[in-house]
Every structure is written in structure tokens, then in C-alpha cells.
Amino acid sequence: MSDLKIGIVGAAGRMGRALIRASHATDGCRVAGGTEMAGTPILGTDLGTLAGIEPLGIHLTDDPLTLAANVDALLDFTIPTATVDFAGLAANGRIVHVIGTTGFSEADEAAIKRAANHATIIKAGNMSLGVNLAVALTKKIAATLDPDYDIEVVEMHHRHKVDAPSGTALMLGQAAADGRGVDLNTNAVKTRDGHTGARKEGSIGFSTLRGGDVVGDHTVIFAGPGERIEISHKASDRAIFARGAVKAAQWGFGKGPGLFSMADVLGF
């Protein structure tokens, strides 16, 4: 059986380079191409050199259309507007599209859902095994505890992250809402400032911290009468997300069209 041909969009970024390394290191996979925006000064650089491994004989381009036509899977941790375009390319090519991008609008989500009629799309706010275990536990705990346990989601990321709350924080909040059988949008509290009054019963709060080079810290707090339960996950290396994305691509190959999550990939 031939290797899974993997293309990486946004290949010059921190996650892009991690995805190159993870794809190259995974048995049964090979890096088949990588792209960046037109005008990027390092276009033409060998992808292996870019990622700090041996040269691969494959060079960075600004042509995602050609990339999508020649790979089995696209790995994508870019920005929402670009990801929507890449989803369209994946749909045209009937290939796998693994999406780790966050910060989508409702219109973006709808466009990705339409693309999943033709592409195998695996989309998650976080690709790591540990985070997805934390999501499953959060749902279970929220379903078990009485409503008088207040739920708060606290997250911290590096200073360069542009969306808030993080996709992972929203995954955790959604899991808590699902466990309680409530709508997250109706019950989420994402900002507090000034004289807010007492905490509304049943709300799910989010707190966002930004600074330094933090890869990603997340904690779900269940604060009840006389006790507090906390689930925490701390990421120290982007490789955990990259390995999860490659695993998702392998799982999705041959599955056929549809919109899937890491819970599907991991069998939760």
C-alpha cells in the first residue's frame, strides 16, 4: 500500500513546521507538498530544511490549488478565511481536510459544512488525545453534578493568538453544556467588567489569558458548595497537536464525505 500523501497549508508557521515533522516521522505517510501566502520571502525553501529535519526535495510554494490536486490529505492550522477556501479545494478534489483552525464565524461554519458533502473533513478545536479526554470527562462530570455547581473555563495562550476564547475552551464549554443538556450560546458568559451583579445560576463562564509563549493551558472548574473539582490540561509542545492531525488524516482516508471530529477519530 502506498504512503498517504500529505499536504500542509501554512507550512512556514510554527504549527506548519510541526506538521511537516510529524508527517515525515509517521510510518505510512509522506510530506507531498506545502504552501504559504504569495510573497512570502522563503518561498522555494525545502520543506525539510524549513522544519529543521533533513531535506525532503519538496519546496514551499504559493499554489494550494496544485497542492490539493496532488495529495490525499490537507493539514490546515491557518486562519478562517483561508481554511474556508481550502475546504472548497478539498471538496473539489474529494480529499481529506484536517482543520485545526479556530475562530470561525457562523458563515464560515456553514461553508465548511457544505464542503463536507464532498470532502472528508475532520475539524476540532484541539487535536490532542489529552484534551479530547478532558472534553469527554467534562461532559460526564457536568451530567453528574447538580446544577448548583458553577462551571468556569479558564484558558491561557501565547501573546500571538488572535481569537478568544480558544477553540479548545469552546470545546470544553460545549461539553459542559451538552452534559447539562443546555444551549451553550444562551448560557455562556465570555466577558465580565464593572458591576456585573451576582453570577447567574446555570451560566458557563470563560476567562481568557494571553502572554509569553504558552502553547495552551486549559482548566474547567466545577465550583460547588464546600468543594471544587478541576480538570486541567497543559500543552508544552505543539507536536501533540501535529501528531493528532496526522492521525486524523490517516483515519479519514477512504472514509468518504462527511464532517467529523477528533471524538470520532479516537472512538470516544
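The crossing of helices H6 and H7 is right-handed in this predicted model. Helix H6 covers residues 129-144, and its axis lies 7 Å from that of H7, at an angle of about 30°. Angles under 35 degrees count as roughly parallel, and H6 and H7 are therefore roughly parallel to each other. On the H6 side the contact draws on Val131, Asn132, Ala134, Val135, Thr138, Lys139, Ala142 and Ala143. Facing them in H7 are Thr168, Met171, Leu172, Ala175, Ala176, Asp178, Gly179 and Arg180. Sorted by class, the residues of this contact comprise nine nonpolar, four polar and three charged.

Arg180 deserves a second look. This residue belongs to helix H7, and it is among the H7 residues that meet H6. With neighbours within four places in sequence left aside, the contacts of Arg180 are Ala142, Asp146, Pro147, Tyr149, Ile151 and Gly202. Of these, Ala142 also appears among the H6 residues that meet H7. For a sense of scale across the model, the C-alpha atoms of Arg180 and His59 are 49 Å apart, with their positions 121 residues apart along the chain.

Just ahead of H7 comes a backbone feature that is easy to find in the viewer. The peptide bond joining Ala164 and Pro165 is cis, with omega at about -10°. Pro165 sits in the loop that runs between strand E6 (150-157) and helix H7 (167-180).

A second helix pair is formed by H4 (residues 80-93) and H5 (residues 106-115), whose axes come within 9 Å and cross at roughly 15°. H4 and H5 are therefore also roughly parallel to each other. Here, however, the crossing is left-handed. H4 contributes Pro80, Thr83, Val84, Ala87 and Ala91 to the contact, while H5 contributes Asp108, Ala111, Ile112 and Ala115. These residues divide into seven nonpolar, one polar and one charged. Beyond H4, the loop leading to strand E4 (96-99) holds Arg94. The phi angle of Arg94 is near 55°, a positive value in a residue other than glycine.

The third pair brings together helix H1 (residues 14-25) and helix H9 (residues 239-252), with axes 8 Å apart and an angle of about 55° between them. That angle makes H1 oblique to H9. The crossing of H1 and H9 is right-handed. From H1, the contact takes in Met15, Ala18, Leu19, Ala22 and Ser23. From H9, it takes in Phe241, Ala242, Arg243, Ala245 and Val246. Eight of the contact residues are nonpolar, one is polar and one is charged.

Attention turns last to the aromatic side chains. The structure holds one aromatic pair, made by Trp251 and Phe260. A pair of aromatic rings is described by the distance of the centres and the angle of the planes. For Trp251 and Phe260 the centres are 5.2 Å apart and the planes stand at 80° to each other, an edge-to-face arrangement. Trp251 has a charged partner as well: Lys255 lies over the face of the Trp251 ring, at 4.5 Å from the ring centre.

How values were computed. Residues are numbered from 1 along each chain as its sequence is written. This is a predicted model: local features need pLDDT of at least 70, side-chain atom pairs count only at pLDDT 80 or more; totals for chains, interfaces and linings use all residues. Side-chain values use heavy atoms; hydrogens and water are left out. Axes are lines fitted to C-alpha atoms, for helices over the stretch in contact, and angles run from 0 to 180 degrees between N-to-C directions. Helices (H or I, at least four residues) and strands (E, at least two) are DSSP runs, numbered from the N terminus. Angles under 35 degrees count as roughly parallel, over 145 as roughly antiparallel, 65 to 115 as roughly perpendicular and the rest as oblique. A crossing is left-handed if the near helix is turned anticlockwise from the far one by less than a right angle, and right-handed if clockwise. Contact means heavy atoms within 4.5 Å. Ala, Val, Leu, Ile, Met, Phe, Trp, Tyr, Cys and Pro count as nonpolar, Asp, Glu, Lys and Arg as charged, and the others, Gly among them, as polar. Rings of Phe, Tyr and Trp (its six-membered ring) pair if their centres lie within 6.5 Å; planes under 30 degrees apart count as stacked, over 60 as edge-to-face and the rest as tilted. A charge sits over a ring if NZ of Lys or CZ of Arg is within 6 Å of the ring centre and within 35 degrees of the ring normal.
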